[in-house]
Amino acid sequence: MPLSLPFEQVDVFADHHYEGNALAVVVDADELTTEQMQAFARWTQLSETTFLLRPEAPGAHYRVRIFTPLRELPFAGHPTLGSCKVWLARNETPEQVEIIQECPAGLIRVRRQGTHLAFSAPPLVRSGPLDATTLNLIEQGLGLAAGQIRASQWVDNGPGWAGVLLTNREEVLAIKPDYAALQGLNVGVIAPWVGGASETDMEVRAFMGEECTEDAVTGSLNASLAQWLIGSGMLTDRYTVSQGTAMGRRGRLHIESVDGSVWVGGAVQHCISGRAVF
């Protein structure tokens with residue numbers, strides 16, 4: 001007999017419906033196999049699909065598995081906030097309690113910030129400078145001129161991010177990626193809004209080399225960029241980000257560093273409720 005499970009689709013880092021990054025969430029998914037989860041994620045064709053399960057680690061409220069259409073991820077940001085929003089809608093917790101999400105990257109803290117949710121950035125699994133070969137690959141893949149990259153670093157917290165800083169938002173929005181030239185590298189690009197009526201402090205774009213696509217709004221990338229740029233003193237302890245502009249989206253993220261921990265927050269909108277059959 002087919003298994004029918006609760007299903008939600010939410011919009012993450014969106015102040016209004018259909019402006020951020022969509023996420024599919026399957027609830028009570030403990031009976032599903034890895035193969036079933038991957039097949040469903042491949043079918044949704046969203047950047048990520050998550051599956052909520054009973055926790056195994058002491059202190060965790062729930063466990064989540066996160067899949068792109070191609071692979072499972074140990075951690076991702078917009079799936080963390082979207083999954084937590086779905087879990088909270090089905091479980092009562094005191095307002096002051098932090099929610100603890102269990103995932104392959106470890107235990108992730110999530111807290112409420114008014115109408116927003118925010119997660120505490122996990123430790124980087126790779127940092128340090130990019131080598132000349134990788135920088136040249138990024139310049140070729142993103143069509144950047146030599147010397148256009150102001151600063152760069154590995155900012156990998158699971159998906160393999162390389163981060164680069166440009167001079168201004170216009171340079172970020174002008175990028176036309178050549179995914180073949182990126183050779184599977186995941187690259188995050190950030191630059192400040194300069195002059196004019198700035199809606200946020202920074203503009204970000206996320207290029208997924210393996211999937212050959214741009215991600216609309218990316219929590220994991222913004223978390224690791226903040227760890228790098230705040231930690232090095234290039235950005236202040238609190239700033240806002242717009243992402244998805246080049247894709248017709250209006251993603252908004254709120255970044256702050258508190259007592260050495262970087263928090264990445266934003267709004268999550270419920271969009272679709274139903275059941276998925278496996």
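# A walk from strand 1 to the cavity

Start by selecting Phe 7, which stands opposite Gly 274 in strand 17. Before moving on, note that this is a predicted model, in which local features need pLDDT of at least 70, side-chain atom pairs count only at pLDDT 80 or more, and totals for chains, interfaces and linings use all residues. Residues are numbered from 1 along each chain as its sequence is written, and side-chain values use heavy atoms, with hydrogens and water left out.

**Stop 1: strand 1 and its two neighbours**

Keep Phe 7 highlighted and add Val 26, its bridge partner in strand 2. Now colour strand 1, residues 4-12. Strands here are DSSP runs of E with at least two residues, helices are runs of H or I with at least four, and both are numbered from the N terminus. Two strands pair if DSSP finds at least two bridges between them. Strand 1 and strand 17 (residues 268-277) run antiparallel and are joined by nine bridges. Strand 1 is also antiparallel to strand 2, with six bridges between them. For one more pair on that side, select Glu 8 and its bridge partner Val 25 in strand 2.

Is strand 1 mostly covered or uncovered? Eight of its nine residues are buried, so to speak of it as mostly covered is fair. Buried means under 20% relative accessible area, exposed means over 50%, and partly exposed lies in between, with a 1.4 Å probe and protein chains only.

**Stop 2: the loop after strand 1**

Next, select Ala 14, in the loop between strand 1 and strand 2. Its relative accessibility is 0%, so Ala 14 counts as buried. Add Arg 250 to the selection: the two residues are 236 apart along the chain, yet their C-alpha atoms are separated by 6.9 Å.

**Stop 3: strand 2 and the β-α-β unit**

Move on to strand 2, residues 21-26. Five of its six residues are buried, so strand 2 is largely enclosed by the rest of the structure. Strand 3 (residues 49-53) runs parallel to strand 2, and three bridges join them. To see one of these contacts, pick Ala 24 and its bridge partner Thr 49 in strand 3.

Now show helix 1 (residues 34-44) as well: with strand 2 and strand 3 it makes a right-handed β-α-β unit. To check the hand, point the strands away from you; in a right-handed crossover the path from the first strand over the helix to the second runs clockwise. On the way, stop at Asp 28, in the loop between strand 2 and helix 1. Asp 28 is not a glycine, although its phi is positive, at about 55°.

**Stop 4: the largest pocket**

Which residues should you select to find the largest pocket? Of the 17 that line it, Gln 45, Leu 46, Ser 47, Thr 213 and Asp 215 are the closest to its centre. A pocket is an open set of points on a 1 Å grid over the protein atoms alone, with protein on both sides within 12 Å along at least five of seven lines; lining residues have an atom within 4 Å of a point. The volume of the largest pocket is about 320 Å³, counted as the space filled by probe spheres set on the points, which are joined across faces, edges and corners.

Strand 13 (213-215) and strand 2 each give two or more residues to this lining, and strand 13 gives the most, with three. Colour the lining by class and you will find seven nonpolar, five polar and five charged residues. Ala, Val, Leu, Ile, Met, Phe, Trp, Tyr, Cys and Pro count as nonpolar, Asp, Glu, Lys and Arg as charged, and the others, Gly among them, as polar.

Also select Cys 212, in the loop between strand 12 (202-208) and strand 13. Cys 212 has a positive phi of about 55° without being a glycine, and at 46% relative accessibility it counts as partly exposed.

**Stop 5: the cavity**

Finally, look for the cavity, a set of grid points where a 1.4 Å probe fits but cannot get out. A search of the whole structure finds one of 30 Å³ or more, and the largest cavity has a volume of about 70 Å³. Select Glu 48, Ala 76, Asp 215, Thr 218 and Ser 220, which lie nearest its centre among 14 lining residues. Helix 2 (77-90) and helix 6 (219-231) each supply at least two residues of this lining, and helix 2 gives the most, with three.
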